[in-house]
Structures are given as C-alpha cells and as structure tokens.
Amino acid sequence: MEGSGEEPGPQPPQPPQLGDHRIRDGDFVVLKREDVFKAVQVQRRKKVTFEKQWFYLDNAIGHSYGTTFEVTSGGSLQPKKKKEEPTSETKEAGIDNRNIIDDGKSQKLTQDDIKALKDKGIKGEEIVQQLIENSTTFRDKTEFAQDKYIKKKKKKYEAVVTVVKPSTRILSVMYYAREPGKINHMRYDTLAQMLTLGNIRAGNKMIVMETCAGLVLGAMMERMGGFGSIIQLYPGGGPVRAATACFGFPKSFLSGLYEFPLNKVDSLLNGTFSSEMLSSESKGSASVEESNGITEEKQASEQENEDSMAEAPESTLPEEQETMEIVSEDPEDKDPKERGSKKDYIQEKQRRQEEQRKRHLEAAALLNERNADGLIVASRFHPIPLLMSLLDFVAPSRPFVVYCQYKEPLLECYTKLRERGGVINLRLSETWLRNYQVLPDRSHPKLLMSGGGGYLLSGFTVAMDNVKTDTSLKPNVSTLELKNTEEPAAKKRKCLESDS
C-alpha cells in the first residue's frame with residue numbers, strides 16, 4: 001500500500017502469475033489441431049504454417065489460452081463461436097450399414113464444386129453441411145458412422161486451430177509425435193516417471209546431463225518453479241536448449257540455471273580444475289559455445305521459417321526486399337558502420353565470454369560442495385562412465401535416475417553399480433502405456449499403441465564405508481556355511497588323480 005513506509009525486501013524468483021492466461025506478443029505458444037501440436041512464438045505479421053495452412057497470430061493476442069480460432073481469408077484468425085450440436089433424438093440414423101455400398105457415387109458434389117465453394121469464401125462448417133445434405137447414404141448410416149463421417153470431413157475442410165499454453169506434457173507429446181529422435185525416443189509417461197523418481201521439487205539442487213534438446217531440463221525447471229538450482233552438464237561446444245526455449249520461462253527462472261562442460265568433470269573430481277582452464281578456453285572456444293547455445297535454441301524457429309518459405313515464398317519477398325533496401329542504404333558510410341559494428345560485436349563477445357566464465361566458476365563451486373539433491377541422466381551416450389563420475393557429486397540418501405532407449409546399457413550399469421557399492425534400491429523399469437477411447441457406448445482401448453518409451457534405472461545413494469572388511473567380523477556367515485563351501489579332501493585327491 002502507498003504511504004505505509006515499508007520497503008520491500010529482496011524477493012525470490014516468482015513463478016508466472018496463475019491469473020495471467022492472456023496471449024501476449026512474444027509469448028511461446030503451442031498450436032493444436034486434433035492430436036497434432038506445433039510450438040511457435042507469437043510475433044506480429046509473422047506468417048505461421050501449420051497443417052498445410054498459413055495464418056497470422058496477430059488477432060490471437062489478448063485472447064485467453066485454450067481459445068479455438070477459425071482461419072479466415074487473408075490468414076487472419078477469428079474466435080470460433082460454439083454452436084449447439086443436435087441431440088440424438090433429432091438425428092435421423094439407420095439401424096446398420098449392411099445396405100450401404102461404397103461405390104463413390106453417393107456424393108453429389110464433385111471436387112470442382114467444393115473448390116468453387118472454397119473460392120467463394122464459404123466457411124468449412126458450411127461446406128461440411130452441404131456435403132452432408134448432398135450425400136445419399138448419410139441418413140442410412142448408424143449414429144456412430146454419422147459422427148465418424150462428420151469428424152472426418154471437419155478435419156479436412158474446417159480450418160480450425162487452438163492456441164494452448166506450453167507445458168511438459170504438451171511439449172513431450174509434440175516431440176514424441178513429430179521428432180522422437182531428438183529426445184532419444186523418450187515417451188511422455190517415461191518423462192513423468194523420471195520427475196517422480198528423481199524427487200524433483202522446489203528448492204532442490206539438481207544435476208542433469210541430457211541430450212534431449214532441453215526437454216528434460218525444461219520439465220525440471222517447470223516443476224521447481226524457479227526455486228532452487230540446476231546444474232546442466234553438456235557435451236561439445238554448448239548446451240542445446242531448443243525445447244527449453246519453447247516453455248517460455250521468465251528471466252527469473254534462468255537465475256538458478258548453471259552450466260558446466262562435461263570434459264572438465266574429471267579435473268573437478270581430481271582437484272586439478274582451476275579458473276585458468278576456463279580463461280584459456282574462452283579465448284578461442286567460449287564464443288563458439290555461446291553461439292552454439294543460441295543457434296540450437298533457434299533451430300526450431302528456423303525450421304518453421306524454412307517450411308513457411310517453401311510453402312508460401314511470395315509472402316516473404318517484401319521482407320527480403322526491405323532488408324535489401326536497408327543494407328544498400330548509405331553506401332558511402334559502409335566502412336565506418338562495419339568498423340563500428342565489428343567493435344561492438346567484439347565487446348559484446350568479450351562480455352558474454354566473461355559472463356559465461358563466471359557462470360562456469362559458480363557451477364564448479366556448486367559441484368565441489370558435493371551435496372546435490374539428485375541426479376538425472378538422459379543422454380545418447382553410454383550411461384556407465386557418466387553415472388560413475390557424476391554420482392560423486394550427489395549427497396547420500398538422494399535419488400538418481402538414468403534413462404536409456406535400450407535396456408542392455410542399463411543392465412551393464414546395474415551390474416557395475418552393484419560391484420561399486422554406495423547405492424541401494426536399484427530398480428530397472430519400463431512403463432507400459434495404452435490409450436483408451438472414452439465415448440458413450442463405445443469406450444475401448446485404441447487399436448494402435450506405442451511399442452516402447454525407453455527404460456529407467458533408478459536408485460538411492462548411500463555413504464560408502466571405506467574401512468576394510470574382516471572375514472572374522474561377518475555376522476551373517478556361520479562356520480558351518482564356511483565349511484560347506486570347501487570341497488572334501490577325498491574329492492580333491494580324486495580330481496587331482498583324474499587330471500594326471
């Protein structure tokens with residue numbers, strides 16, 4: 001309140017407001033049509049291609065998430081009004097489909113007629129209604145067959161799209177359906193099991209090593225809500241966070257996100273890691289790491305732009321002409337501008353290198369504490385060397401989860417962990433998922449289902465006892481059991497004689 005005289009103290013990172021469900025310019029959203037999803041960023045006058053249709057998201061700004069829009073002429077979106085469907089009592093339906101013959105002559109409208117209706121600007125809903133009226137066999141079909149026919153025609157002719165808010169479930173379903181190779185074929189129920197077994201919650205200090213385009217990292221950040229810290233270990237030049245960017249997290253969420261190169265983990269364990277190692281790398285490779293991190297985040301948007309350019313190249317021509325005009329302006333001042341831009345670029349690169357170096361040192365300090373609350377590994381590499389190295393950074397009595405598309409590497413990892421010790425409650429699991437159709441009088445399992453969503457190896461860390469064990473101190477081994485393990489003397493002699 002004004003005039004209270006109280007100064008607010010430092011506030012922790014705040015999660016997004018629950019009441020803010022409006023679509024804003026610059027937000028990351030997911031387009032939905034039936035069971036097809038696509039993640040895009042809302043930008044004014046930017047053409048979006050989705051399910052062989054192009055449109056602009058300008059009119060979606062200001063509406064609530066979950067609103068269904070209809071694509072009109074010119075690519076503009078208009079909120080679709082809900083209409084009451086006729087009840088089953090008013091429908092005319094047949095008893096069965098035994099007398100219906102699929103000879104292709106039941107529909108009076110031809111493809112030319114339908115194309116003419118589209119050219120006139122008639123909406124898809126009216127086209128579907130005319131198809132129903134001109135069908136000679138529609139009224140003879142059963143009620144279920146009629147619903148199936150209407151659903152099929154609506155999917156083909158109605159240009160409808162729903163804008164939903166990104167979430168872990170929606171993005172995991174989208175990636176698994178469109179590009180499963182980018183997330184190592186991790187199914188959404190397997191990702192849910194990982195978050196549960198890893199005890200991901202607000203305030204945790206987590207370590208994650210993943211090569212799933214940042215999907216696992218984004219799921220962890222969403223569940224932690226901006227509270228706690230996450231240390232991401234990455235291979236190569238920089239972390240890949242294409243899926244993480246699709247979540248649209250606020251800047252406050254990124255304050256607790258740290259990154260550390262995987263090739264420096266051994267030096268950190270051996271105690272030979274120093275800041276000079278990062279400074280020497282930053283001269284040549286830190287800029288590459290930073291650029292890789294940025295370019296990977298923009299891969300999805302670049303692919304979408306390429307698709308839209310391929311389907312509608314004429315729309316991008318004015319933008320290209322504008323950029324050409326901007327570049328060609330003031331040819332006399334070209335050299336000074338280039339010099340100034342190069343100088344600014346070098347300064348910006350140095351600033352980013354210094355920021356990255358500081359974040360690496362902060363991540364190294366957090367790892368050196370060796371009190372992480374959990375470990376998540378979901379990469380395309382063999383899990384044994386990763387897990388054996390990273391478990392040393394996890395505090396005792398903390399969970400760890402390892403994902404792999406195949407079970408054989410996890411079986412080897414299971415055996416190695418049993419030999420190493422320091423872990424309990426090891427469990428190798430695979431989830432079984434089957435979708436069900438739930439409709440009145442026709443609920444049943446769907447005919448098609450996923451063949452597999454990967455395997456999980458989970459367990460808990462315990463403090464390792466380095467004291468040498470003495471056989472005389474074993475309480476569970478009796479002298480009778482020790483005697484039974486040795487072979488009788490007569491049997492030994494007999495074996496020796498047979499060998500000779």
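Colleague: Which residues of helix 16 are buried?

Modeller: This is a predicted model, to say that up front. In helix 16, P409, L410, C413 and L417 are the buried ones. Looking down the helix axis, those buried residues sit within an arc of 95 degrees, so they line one face of the helix.

Colleague: And what's exposed on the face turned away from the buried side of helix 16?

Modeller: R418 and E419 are the exposed residues there.

Colleague: OK, what covers the buried residues of helix 16?

Modeller: The cover includes helix 15 (383–390), plus strand 12 (399–404), strand 13 (423–429) and strand 16 (455–461).

Colleague: How far apart are the end C-alpha atoms of helix 16?

Modeller: They're 20 Å apart. Helix 16 has 14 residues (407–420), and at 1.5 Å a residue it should span 20 Å, which agrees. G421 follows the helix, with a positive phi near 85 degrees.

Colleague: Switching topic: what's the strand order in the open sheet of five strands?

Modeller: The order is 2-1-7-5-6, and the pairing is antiparallel.

Colleague: Which strands stand at the edges?

Modeller: Strand 2 (36–41) and strand 6 (77–79). Each has a single partner strand, so one side of each has no neighbour in the sheet. From one strand to the next, the twist averages 35 degrees.

Colleague: How many bridges join strand 5 to strand 6?

Modeller: Three, with strand 5 covering residues 68–71 and the two running antiparallel. E70 stands opposite Q78 of strand 6.

Colleague: Which helix packs on that sheet?

Modeller: Helix 4 (residues 168–178), which touches strand 1 (28–33), strand 2 and strand 7 (160–164). The direction of helix 4 makes about 115 degrees with that of strand 2.

Definitions and conventions:
Residues numbered from 1 in each chain as written. Predicted model: local features only at pLDDT ≥ 70, side-chain atom pairs only at ≥ 80, totals over all residues. Heavy atoms only, no water. Helix = DSSP H or I, 4+ residues; strand = E, 2+ residues; numbered from the N terminus. Expected span 1.5 Å × (residues − 1). Buried < 20%, exposed > 50% of the residue type's maximum accessible area, 1.4 Å probe, protein only. Arc of directions from axis to C-beta. Contact = heavy atoms within 4.5 Å. Pairing = 2+ DSSP bridges. Axes fitted to C-alpha atoms, helices over the stretch in contact; angles between N-to-C directions.
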